[in-house]
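Here is a quick tour of some rings and charges in a protein chain. Have the structure open as you read.

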Amino acid sequence: VQLQASGGGLVQAGGSLRLSCAASGSAFSRYAMAWFRQAPGKEREFVAGISRSGASTHYADSVKGRFTISRDNAKNTVYLQMNSLKPEDTAVHYCAAKRGIVTIYDEYDYWGQGTLVTVSS
């Protein structure tokens with residue numbers, strides 16, 4: 001599986017962005033998907049995850065109520081809608097895929113190249 005993330009950019013605090021992650025290869029619906037992020041000087045951290053069917057989602061406490069993860073298995077794509085963005089959301093955001101269930105740990109089988117989100121104050 002190859003993952004291609006897009007949608008990052010520069011936005012003012014309080015604004016919104018939607019990230020997309022397109023997967024190539026077969027059997028996208030067999031993979032749990034997640035978004036992680038890594039800010040400068042910090043470790044990579046879990047942001048949100050979604051089950052294979054899309055029925056179950058998980059969020060880091062720092063983004064609950066502001067971010068929404070979704071997927072379209074017909075389009076082999078997972079999304080991250082980010083609202084009410086804060087300067088502390090500034091980071092490179094990565095999508096990831098794994099067989100089985102979502103985990104908050106970076107034990108994923110495939111990773112995208114990352115897309116930079118910058119939130120100005």
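## Tyr110 and its partner

Let's start with Tyr110: this is a predicted model, and in it Tyr110 has a relative accessibility of 24%. Because that value falls between the 20% and 50% cut-offs, Tyr110 counts as partly exposed. Tyr31, on the other hand, comes out at 9%, so with buried meaning under 20%, Tyr31 is buried.

Searching the whole structure turns up five aromatic pairs. One of them joins Tyr31 and Tyr110 edge-to-face, with 5.9 Å from centre to centre and 80° between the planes. This pair ties together distant parts of the chain: Tyr31 belongs to strand β4 (residues 31-38) and Tyr110 to strand β10 (residues 110-111), 79 residues apart.

## More rings, and charges over them

Want another aromatic group to look for? Phe36, Phe46, Tyr108 and Trp111 make up one aromatic cluster.

Two arginines also park their charged ends over rings. Arg71 does this with Phe28, 4.5 Å from the ring centre, while Arg44 does it with Tyr94, 5.7 Å from the ring centre.

## A buried lysine

Now find Lys98 in strand β9 (residues 91-99). Lys98 is buried but has no salt bridge. Which side chain of opposite charge is nearest to Lys98? That would be Asp109, 6.0 Å away. A salt bridge needs the atoms within 4 Å, so Asp109 doesn't make one with Lys98.

What the side chain of Lys98 does reach is the backbone oxygen of Ile101, at 2.9 Å. Setting aside neighbours within four places in sequence, the contacts of Lys98 include Tyr31, Tyr108 and Asp109.

Technical notes:
Residues are numbered from 1 along each chain as its sequence is written. This is a predicted model: local features need pLDDT of at least 70, side-chain atom pairs count only at pLDDT 80 or more; totals for chains, interfaces and linings use all residues. Side-chain values use heavy atoms; hydrogens and water are left out. Rings of Phe, Tyr and Trp (its six-membered ring) pair if their centres lie within 6.5 Å; planes under 30 degrees apart count as stacked, over 60 as edge-to-face and the rest as tilted. Helices (H or I, at least four residues) and strands (E, at least two) are DSSP runs, numbered from the N terminus. Buried means under 20% relative accessible area, exposed over 50%, partly exposed in between (1.4 Å probe, protein chains only). A charge sits over a ring if NZ of Lys or CZ of Arg is within 6 Å of the ring centre and within 35 degrees of the ring normal. Lys and Arg count as positive and Asp and Glu as negative; His and the chain ends are not counted. A polar contact is a pair of N or O atoms within 3.5 Å; within protein, one must be able to donate a hydrogen and the other to accept it, and residues adjacent in sequence count only if both atoms are side-chain atoms. Contact means heavy atoms within 4.5 Å.
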